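Please look through the sequence and the model together before reading on. The paragraphs below begin at one turn and work outward from there.

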Amino acid sequence: TGPTGATGPGSVTRVFQQTEFVPDQTDFVVAQCPAGLVASGGGFIFDDGAMQVLASYPDQNGTAWAIYVHNGAGINRFPRAYVLCVQGDAIDGTPAP
């Protein structure tokens, strides 16, 4: 057998952020990792096909996940962004805040 590999990321914390969108609203929803954790992935959850995702990506520090969404429905909708957070360092190599 070879040498022991690096320790994995440990537990994963999932954080959700939900925001109310009025009809025809276009805006961001951002889910933020707790202090000391970094984003390992993320995404979005909708209950209606009238919501359009225009973008979905990690923030520049690697500690949050952002979605840019348009509500094409004729009624208010509640899009949710989520981020999967693990122990680690921010993208620039410094410990996460």
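Strand 4 and strand 5 form a hairpin with 5 residues between them, and glycine 62 in the turn has a positive phi of about 75 degrees. Strands here are DSSP runs of E with at least two residues, while helices are runs of H or I with at least four residues, both numbered from the N terminus. The model is a predicted one, in which local features need pLDDT of at least 70 and side-chain atom pairs count only at pLDDT 80 or more, whereas totals for chains, interfaces and linings use all residues. Residues are numbered from 1 along each chain as its sequence is written, and side-chain values use heavy atoms, with hydrogens and water left out.

The two arms of the hairpin, strand 4 and strand 5, run antiparallel and are joined by 7 bridges, where pairing of two strands requires that DSSP finds at least two bridges between them. On its other pairing, strand 5 (residues 64-71) is joined to strand 2 by 7 bridges, and these strands also run antiparallel. The result is an open sheet of 3 strands in the order 2-5-4 with antiparallel pairing. Strand 2 (26-32) and strand 4 (51-58) stand at the edges with a single partner strand each, so one side of each is left without a neighbour in the sheet. Neighbouring strands of this sheet are turned against each other by 20 degrees on average, direction ignored, the axes being lines fitted to C-alpha atoms (for helices over the stretch in contact) and the angles running from 0 to 180 degrees between N-to-C directions. As a general matter, strands of a sheet pair through backbone hydrogen bonds, either parallel or antiparallel.

Within strand 5 lies alanine 66, which stands opposite valine 30 of the pairing between strands 2 and 5. At 5% relative accessibility, alanine 66 counts as buried, a label given under 20% relative accessible area, with exposed meaning over 50% and partly exposed in between (1.4 Å probe, protein chains only). Not counting residues up to four places away in sequence, alanine 66 touches Phe28, Val29, Val30, Ala55, Ser56 and Tyr57, a contact being heavy atoms within 4.5 Å. The C-alpha atoms of alanine 66 and glutamine 17 are separated by 9.7 Å, although the two residues are 49 apart along the chain.

Asparagine 71 also has its place in strand 5, and methionine 51 stands opposite asparagine 71. Is this asparagine buried or exposed? Asparagine 71 is buried, with a relative accessible area of 0%. Its side chain reaches the backbone oxygen of isoleucine 75 at 3.1 Å, and the backbone oxygen of phenylalanine 21 lies 3.2 Å from a polar atom of the asparagine 71 side chain. Leaving aside neighbours within four places in sequence, asparagine 71 is in contact with residues including Phe21, Asp24, Met51 and Arg77.

Two of these contacts of asparagine 71 can be followed further. Aspartate 24 lies in the loop between strand 1 (13-18) and strand 2, and is exposed, with a relative accessible area of 59%. The phi of aspartate 24 is near 70 degrees, a positive value in a residue other than glycine. Most residues other than glycine have a negative phi, and most peptide bonds are trans. Arginine 77, in the loop between strand 5 and strand 6, is buried, with a relative accessible area of 17%. Leaving aside its neighbours within four places in sequence, arginine 77 is in contact with Thr19, Glu20, Phe21, Asp47, Asp48, Met51 and Asn71.

A search of the whole structure finds 1 disulfide, that is, a pair of cysteine sulfur atoms within 2.5 Å. Cysteine 33 and cysteine 85 form this link, with their sulfur atoms 2.2 Å apart. Cysteine 33 lies in the loop between strand 2 and strand 3 (37-45) and cysteine 85 in strand 6 (residues 80-87), so the pair ties together parts that are 52 residues apart in sequence. The torsion about their S-S bond is about -95 degrees, so the disulfide is left-handed. Cysteine 33 and cysteine 85 are both buried.

Turning to the chain as a whole, it has 0 helices and 6 strands. Buried residues make up 28% of its 97 residues. Among contacts between residues at least 6 apart in sequence, 70% join residues at least 24 apart.

Methods
Polar contact = N/O pair within 3.5 Å; in protein donor to acceptor, adjacent residues only side chain to side chain.
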